[in-house]
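Hi,

Here is the structure I said I would pass on. Have a look at it first, and then read my notes underneath.

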Amino acid sequence: MNASKTSTSQPLVLGIETSCDETAVGIVAGRRLLANVIASSVEEHERFGGVVPEIASRAHLEAIWPAIERATAEAKVSLSDLDAIAVTAGPGLVGALLVGVSAANGLALALDKPLYGVNHLASHVAVDLLTHEKEFRPSIALLVSGGHSSILKVERLSSSFEAMGQTLDDAAGEAFDKIARILGLGFPGGPLIDREAKSGKVTIDFPRGMTAAKDQEDHRFDFSFSGLKTAVSRYLKATPDYPRADVAASFQEAVVDVLTMKALDACKETGIDSLLIGGGVAANSRLREMAKVRAEAAGVEVRIPPAILCTDNGAMVAVLGATLVTDGIAPSPRGIAADSSAPVALVAW
Ligand code: KG4
Ligand code: ZN
């Protein structure tokens, strides 16, 4: 580790993210974004209707080095200028994670730079630092993507994360992807349902998972989307000439209603008046709208990054790495491994 560099207040950090289907490399100087390069293999997965791990891993292998080169060129820095390297070490698809982790291990060793293996979910929260000047304050984070749906209590970005709730079955983005497929809209489903819903109306009262009185006791902050999925499938079977845009709008409303309701309930329970929303589903226009209205009514400040920073990216990894450096956290040991099922509470390795 290069101890002399870790005291800087604006550390230059390169972040690598390969946990799913985006090969992403970001560079920050402290909280300033210098480069955010994203190569997605999403089109290669389209005909399978979901991410195929082997295809994602191979695509990462091809894309990783060009992405690193493009990011350094965009940021106008050379690798030797870096103060540290950060990489998503988990959770995610193990073969996909391994490509980023191996690249980061190799770079750190060859350049003799400190390396931070970081948690994917923690970096979805840390990305918030890139879009405003204020100090981070204790927040509730609602993280909703293709791989995760969690409500976290975050006291301090570099150390203190607590899982309050999570999905018991599908992730929110997965539910969007599955319903889009049965509606014949394509993959990935989230943006397609979002667009389709704009020309529809909320006319069908689909169920709100995990909101019954008995669930409020055991699963107050947990999610479940399987009942909703079944209800939509049944409706489609029973209604041959179904109004597709209305189904999309009604399905979306059911998901967004539960997500925002539970996130704000977590704010109320903890007395925390700051809510961050991240992950790919945070790009959803109805979620953004409803979260703002409900948060305002509850006296909670809500922050949702621009869509490009909501979906997986390397800038979020880099800014979490920079936070770890400024907070004086020790780097990870050399030769870290990927951990596909890393727990939320583990921010850095
Ligand atoms: O965070 P992300 O890029 O990758 C994962 O870690 O999964 O999230 C991808 C997910 C996909 O399921 C996609 O359908 C969903 O985010 N998504 C959306 C929207 N844009 C992306 N879901 C709803 N509305 C959107 N506008
Ligand atoms: Zn993600």
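Ligand 1 sits in the largest pocket, and that is where I would start reading. Keep in mind that this is a predicted model.

How much of ligand 1 does the protein cover? Let me go through the contacts before coming to that. There are 22 residues around ligand 1, and those that come nearest are Gly 146, Asp 177, Gly 190, Asp 194 and Gly 280. Two of these also turn up in polar contacts with oxygen atoms of the ligand. For Asp 177, a polar side-chain atom lies 2.7 Å from an oxygen of ligand 1. For Gly 190 the backbone is involved instead: one of its polar backbone atoms is 2.9 Å from a ligand oxygen. Asp 312 joins in through its side chain, with an N or O atom 3.1 Å from an oxygen atom of ligand 1. As for the cover, ligand 1 on its own has 550 Å² of accessible area, and the protein covers 90% of that.

Who builds the shell? Sorted by residue kind, the shell around ligand 1 has 13 polar residues, five nonpolar and four charged. Three helices each put in at least two residues: H4 (120–126), H5 (172–182) and H6 (189–197). H6 gives the most, with four residues.

Stepping back to the whole chain, the secondary structure comes to 12 helices and 10 strands. The C-alpha atoms fill a box of roughly 65 × 45 × 30 Å along the principal axes. The radius of gyration is 20 Å, which agrees with a compact globule, because one with 349 residues would have a value near 20 Å.

A few backbone details are worth finding on screen too. The peptide bond between Phe 187 and Pro 188 is cis, with omega about -5 degrees. Pro 188 is in the loop between H5 and H6, and both of those helices supply residues to the ligand shell. Another cis bond runs from Gly 90 to Pro 91, with omega near -10 degrees; Pro 91 belongs to the loop between strand E4 (84–90) and helix H3 (94–111).

Last, look at Lys 76, in the loop between helix H2 (53–75) and E4. Its phi is near 55 degrees, a positive value in a residue that is not glycine.

That is what I have for now. Happy browsing!

How values were computed:
Residues numbered from 1 in each chain as written. Chains lettered and ligands numbered in written order. Predicted model: local features only at pLDDT ≥ 70, side-chain atom pairs only at ≥ 80, totals over all residues. Heavy atoms only, no water. Near = heavy atom within 4 Å. Polar contact = N/O pair within 3.5 Å; in protein donor to acceptor, adjacent residues only side chain to side chain. Areas by Shrake-Rupley, 256 points an atom, 1.4 Å probe, with all protein chains shown as cover. 1 Å grid on protein atoms, 1.4 Å probe; cavity = no way out; pocket = protein on both sides within 12 Å on 5 of 7 lines; lining within 4 Å. Sits in = over half its atoms within 2 Å of the grid points. Nonpolar A, V, L, I, M, F, W, Y, C, P; charged D, E, K, R; others polar. Rg over C-alpha atoms; globule rule 2.2 N^0.38 Å.
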